[in-house]
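Me: I've got a new structure to look at and I don't know my way around it yet. Can you walk me through how its parts fit together?

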Number of protein chains: 4
Amino acid sequence: MIVYLKTNTSTTQIAEMQLHLKQAGFESYLVQQPNICMVPALKDPSIIERFPFISGFKLISTAYQLSSNEYKNETLFEVNGVQVGSNFANIIAGPCSVESEEQIFETAAFLHKNNIKFIRGGAYKPRTSPYSFRGLGKEGLKLLQEAAKQYKLNVVTELMDLSLLDEVMAYSDVIQIGSRNMANFYMLSELGKINKPILLKRGMQAKVNEWLLAADYIMSSGNEKIILCERGIRSFDPMSRNVMDVAVIPLIQSLSHLPIIADPSHGTGDSKLVPIMAKASMVAGANGLMIEIHPNPSEALSDAKQALNFTDFETLLSDLEVLKPAIKKPIDASYSVFI
Amino acid sequence: MIVYLKTNTSTTQIAEMQLHLKQAGFESYLVQQPNICMVPALKDPSIIERFPFISGFKLISTAYQLSSNEYKNETLFEVNGVQVGSNFANIIAGPCSVESEEQIFETAAFLHKNNIKFIRGGAYKPRTSPYSFRGLGKEGLKLLQEAAKQYKLNVVTELMDLSLLDEVMAYSDVIQIGSRNMANFYMLSELGKINKPILLKRGMQAKVNEWLLAADYIMSSGNEKIILCERGIRSFDPMSRNVMDVAVIPLIQSLSHLPIIADPSHGTGDSKLVPIMAKASMVAGANGLMIEIHPNPSEALSDAKQALNFTDFETLLSDLEVLKPAIKKPIDASYSVFI
Amino acid sequence: MIVYLKTNTSTTQIAEMQLHLKQAGFESYLVQQPNICMVPALKDPSIIERFPFISGFKLISTAYQLSSNEYKNETLFEVNGVQVGSNFANIIAGPCSVESEEQIFETAAFLHKNNIKFIRGGAYKPRTSPYSFRGLGKEGLKLLQEAAKQYKLNVVTELMDLSLLDEVMAYSDVIQIGSRNMANFYMLSELGKINKPILLKRGMQAKVNEWLLAADYIMSSGNEKIILCERGIRSFDPMSRNVMDVAVIPLIQSLSHLPIIADPSHGTGDSKLVPIMAKASMVAGANGLMIEIHPNPSEALSDAKQALNFTDFETLLSDLEVLKPAIKKPIDASYSVFI
Amino acid sequence: MIVYLKTNTSTTQIAEMQLHLKQAGFESYLVQQPNICMVPALKDPSIIERFPFISGFKLISTAYQLSSNEYKNETLFEVNGVQVGSNFANIIAGPCSVESEEQIFETAAFLHKNNIKFIRGGAYKPRTSPYSFRGLGKEGLKLLQEAAKQYKLNVVTELMDLSLLDEVMAYSDVIQIGSRNMANFYMLSELGKINKPILLKRGMQAKVNEWLLAADYIMSSGNEKIILCERGIRSFDPMSRNVMDVAVIPLIQSLSHLPIIADPSHGTGDSKLVPIMAKASMVAGANGLMIEIHPNPSEALSDAKQALNFTDFETLLSDLEVLKPAIKKPIDASYSVFI
């Protein structure tokens, strides 16, 4: 149950209510301090309605609470002046791994030329084998940030472990949580305490309920800037790296206010299929795309098979132009347009 | 290996070559009599190259042979004057089950009004429970054919068992093989002996290789008029009836010359998602759609949750108009255009 | 709902009741004529309780009705004097395919020597590729029956298509329905009309509910002699042919009165793992085993990797002796013991 | 490739060789300092064979290297005097979560009475929902350790995040890595640097290759004390929490020297099935069991459905006695027996 508090409620009053709830056996979460308090297990408001500073109640019917569209209609925030949210779309592109200064600056320049606002790049890479290239580490983060600054891009990069949080905070604008960490609940709770948008990829075996509950971990700790990202699920046919669950995009949108983007690079694992699935995802209503590109895919140190070269990425962008009447959402809209 | 025969090769000559192959341990298949003979296990042509009526050889690199695009570039055939094939698209719509004369005539009239050329409808229904409505049987087939005749539609209906083949042949224009029969190999071989297009749905757990080998069962028995249909695969999240594998559409098209259509009704099991996934599939390159519609979905005797009402289906059709620049294939093109 | 009828109820009386039910919108099934009639959708007996020949009602709480252990406690039948049922166990062994007279007679002699009562062997083989060995057909069935007769074995063989039913009936004692046909509902209904035990393998992605409903298809048409067989389900790791769901054995036994045996040959696809999983399955409570054996596995024309040689099969049998205190069920008990 | 070094090789010599390898493009790992160095990508020894302190080479044929049985035949270590390894078995039991002093001391006393040597219990719980009981935290760890000390038990508890490593190190004897962290590669590398056994659960959709590579992450960082644990994989039937992959036990044992135990509590999610699957796993060769027990399962704060009560656990122990001739491995053998 969502408990709405009057605007002038004091910290002491809230603490008193929370103590009362705890004694009655209910955990509570201050979500949008000081206006909203959530008490997930509470079904009957009579237990607290006597507190005079409560202005209203709303019961949410699903296990996930804060990510539900019963909690709010819309998510909207901005990243350095670019609109992100359930009625907008954004394109994020860049290499799987930051490999060299040349590679990342060339990529950043290319993105800038094409009016892209977000660059992705991994510095600490989750690799199935310990004997594969694991990224340049902090050096990679620095290069990524420098290139982004020069070309006015926002940085999206993955946080592999909480012990790297300060480092990743310092060098990024959006923090990506990879598929393997979607159910790393301890990490998710900690991410609720920071003020930076979180790109939360779907676990490779995550049910929709589990994914939204993962978002609730972040939200119930205080951070409501979340972007979901479908990146393919594991299935039975070894011919494909993953099966991209395109239908989960409109399904999530019917359940949640959170924006959801598509990552057809991991979703298919095959650069031949990436542009096609990017377009299909946008037509299915995705709030954007995350695409792996590389100046020279065949020489990429990781995920070489799924990276687009620059030409193919530009073709995709112009194909998306053709689809604009069907997409209906502004892509990478800048904040100023709306003020 | 495909063995090409000169055009004037006699039946006796072919029989002699096949006997020679058999004695050497090789099964052979007359595919497009009398021009083409396939010998799947043959890698080395020296064993038969002495036959003077052989004009050439082609080794095919995959386990599936005749469905491979190494065998041919394109499939093209017509169904009562409507073009079907790898460069065309078709829309098939209709109820899950034929339920009554009124229902099927109303649906047929509606399809005719919207220039649709194919009507679907089940008369013998594969139901998980023996205690569910199993269809009207022969009576349903008759109603379906009458409605189709009156409104100039082609009939697509499912063959559940070979013992019903004569009946289904008599009342249909395209024979649908459902997901549960995709690996019914005995049936597939028999379908290779008839001269009617086969709509071959993907098994709910079928790998791409297995699906194309199922097509090879039909083709190696002589019938090359096949339409593949993606209808969702089984996965781990009970929230969705199936996971629609949209990426299999371009993947199949990169491997095979066979047309592949999408069935978002079974693919999602949810009428809210059907139009969205129909559009996404068409943008992903599908050679058409199979959509369940019903005059009054809430009263449908089977699959009520996934049927579109007429209004939503018309909205989908007009949305597809907007997408035409991205679709690039003529939809339900009539034969006369090409002569 | 199960409706129990008094023993002297006439055919006319039953027909009258069924007509009354039909007019009220309820399908009914005569299960054990003339004693039991099932009306799956009926929840409220008041609609028919006025018929004086009704002796009682039982509501069954699951979608599957006749395979539920709410319908009966136990299944017990005999195959040529050998006990089969929920409190017994049986071992079925033999080659994947009947390949030659020598192979099948050698195998039969070996089984006889080891007191095995059931021989398996395929004559019509469901092969993923049309270009693989598909079995000897009727010739194979004849050889199998001759070998079985000479060595006092019961024949278990697969029915691939209803058009082969008469042939398979003539040459077998137990009819096997393979994984690919578990959801071939038309075939299942027809198998309910014959008087021969059915070995019903689990579909490779069949849920427990679906499997038991498939058994209900057979039972509601009149045949209650069913043996279920777990043979592995499809999963995501290409390292294994299938994942053997051992826990489904006790799970089914907690839901159903039907006996369930294990097929570790298909369950693992690996002859190294077969004996281990055979033992684990028996300790998990299986009502028997189906094992592929071959005089010379490396030369088998199908499933060579998973067939045991004779020595390894004898080792398995003596290992099972050690496990007898844990198995607790008589194996291949002959009928005379119990009269 | 494994590079064996003569016993008197100096640190300087090794450093020189590693530098040479790095310049040639090869990463190397000192595994058992100073005897063994691994160079995963090296196939041709000529590049370093000139170093006189190299005594031999061994090429390992799989992607996973150190967990392969080509690297070593056997794993053997002890935990406070109890033998653990590929030829031994151990039983770990205890509650899902430490809930109270009373609960954990009662459980510990019970285990002690039954000669069990390892107690499990969660203090930081990975829960799908943020609104479920997440464990007592550090307080729980303390209670667990106190109870274990009093009753001479070893503590097995889960590490949810690296930031809790020091705490968990201080209170446990074996560190459990849960299913959701199996692919948390950064954490795995750090665990290679500690001197405490790691119980590495299989990810819920982890392929065998991926699981062994996860073990390689730990081993290549220096820690070879690893116990694998099968705990069920995710599949398509919502009737079961997981599908327990019993066959993976002998499969892993044919590939790796690492011991592998079974967790039928998570593997089935159903206390009715737990003892049956525990026995089946032991007969399949498992190196032990991890079982959830609770003094009063119906009141458990987490995983109530899968916990055994004390009576059922004792029945399981006596059933295992019956199976001893088939199990063949000493269970919880104490170190003194072997010296």
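**Domains and chains**

Reply: Let's start inside one chain: between domain 1 of chain A and domain 2 of chain A there are 0 salt bridges, a salt bridge being a side-chain nitrogen of Lys or Arg within 4 Å of a carboxyl oxygen of Asp or Glu. Across that interface there are also 0 residue pairs in polar contact, with both residues at pLDDT 80 or more. A polar contact is a pair of N or O atoms within 3.5 Å; within protein, one must be able to donate a hydrogen and the other to accept it, and residues adjacent in sequence count only if both atoms are side-chain atoms.

Me: Hang on, pLDDT? What kind of model is this, and how are things labelled?

Reply: This is a predicted model, where local features need pLDDT of at least 70 and side-chain atom pairs count only at pLDDT 80 or more, while totals for chains, interfaces and linings use all residues. Residues are numbered from 1 along each chain as its sequence is written, chains are lettered from A and ligands numbered from 1 in the order in which they are written, and side-chain values use heavy atoms, with hydrogens and water left out.

Me: OK. Which residues belong to domain 1 and domain 2 of chain A?

Reply: Domain 1 covers 2-58 and domain 2 covers 76-338 in chain A, with bounds from an automatic or database domain assignment. Their centres, taken over C-alpha atoms, are 36 Å apart. Each domain of chain A puts 4 residues into the contact, where contact means heavy atoms within 4.5 Å.

Me: What area is buried between those two domains of chain A?

Reply: About 330 Å², with carbon and sulfur atoms giving 46% of it. Buried area here is the accessible area (1.4 Å probe) that two parts lose on being put together, summed over both. On the domain 1 side, Tyr29(A), Val31(A) and Gln32(A) lose the most area to domain 2, together 77% of what that side buries. Strand β2 (residues 29-32) of chain A gives the most to that side, with 3 residues; strands (E, at least two) and helices (H or I, at least four residues) are DSSP runs, numbered from the N terminus.

Me: Switching topic: how does chain A relate to chain D?

Reply: A turn of 180° and a shift of 0.1 Å along the axis lay chain A on chain D with an RMSD of 0.1 Å. That is the relation of a two-fold axis. The superposition is by least squares on the C-alpha atoms of residues with pLDDT of at least 70 in both copies.

Me: And how many residues does the contact take from chain A and from chain D?

Reply: 35 residues from chain A and 36 residues from chain D. The area buried between them is about 3,100 Å², and carbon and sulfur atoms give 56% of that. Tyr131(A), Tyr186(A) and Arg234(A) supply 24% of the area that chain A buries against chain D, more than any other three residues.

Me: How many salt bridges are there between chain A and chain D?

Reply: The count is 2. Arg234(A) forms a salt bridge with Glu210(D), and their closest N and O atoms are 2.6 Å apart. There are also 14 residue pairs in polar contact across the interface of chain A and chain D.

Me: Which element gives the largest share of the side of chain A that touches chain D?

Reply: That's α6(A), with 5 residues.

Me: Now chain D and chain C. What turn lays one on the other?

Reply: A turn of 180°, with a shift of 0.0 Å along the axis, lays chain D on chain C with an RMSD of 0.1 Å. In chain D, Ala280(D) has the C-alpha nearest the axis, 2.2 Å from it. 100% of the interface residues of chain D are also interface residues in chain C, so the copies meet through the same surface.

Me: What holds for the buried area and the contacts there?

Reply: About 2,800 Å² is buried between chain D and chain C, and carbon and sulfur atoms give 79% of it. The contact takes 37 residues from chain D and 37 residues from chain C. There are 0 salt bridges across this interface, and 2 residue pairs are in polar contact. On the chain D side, α9(D) gives the most, with 5 residues.
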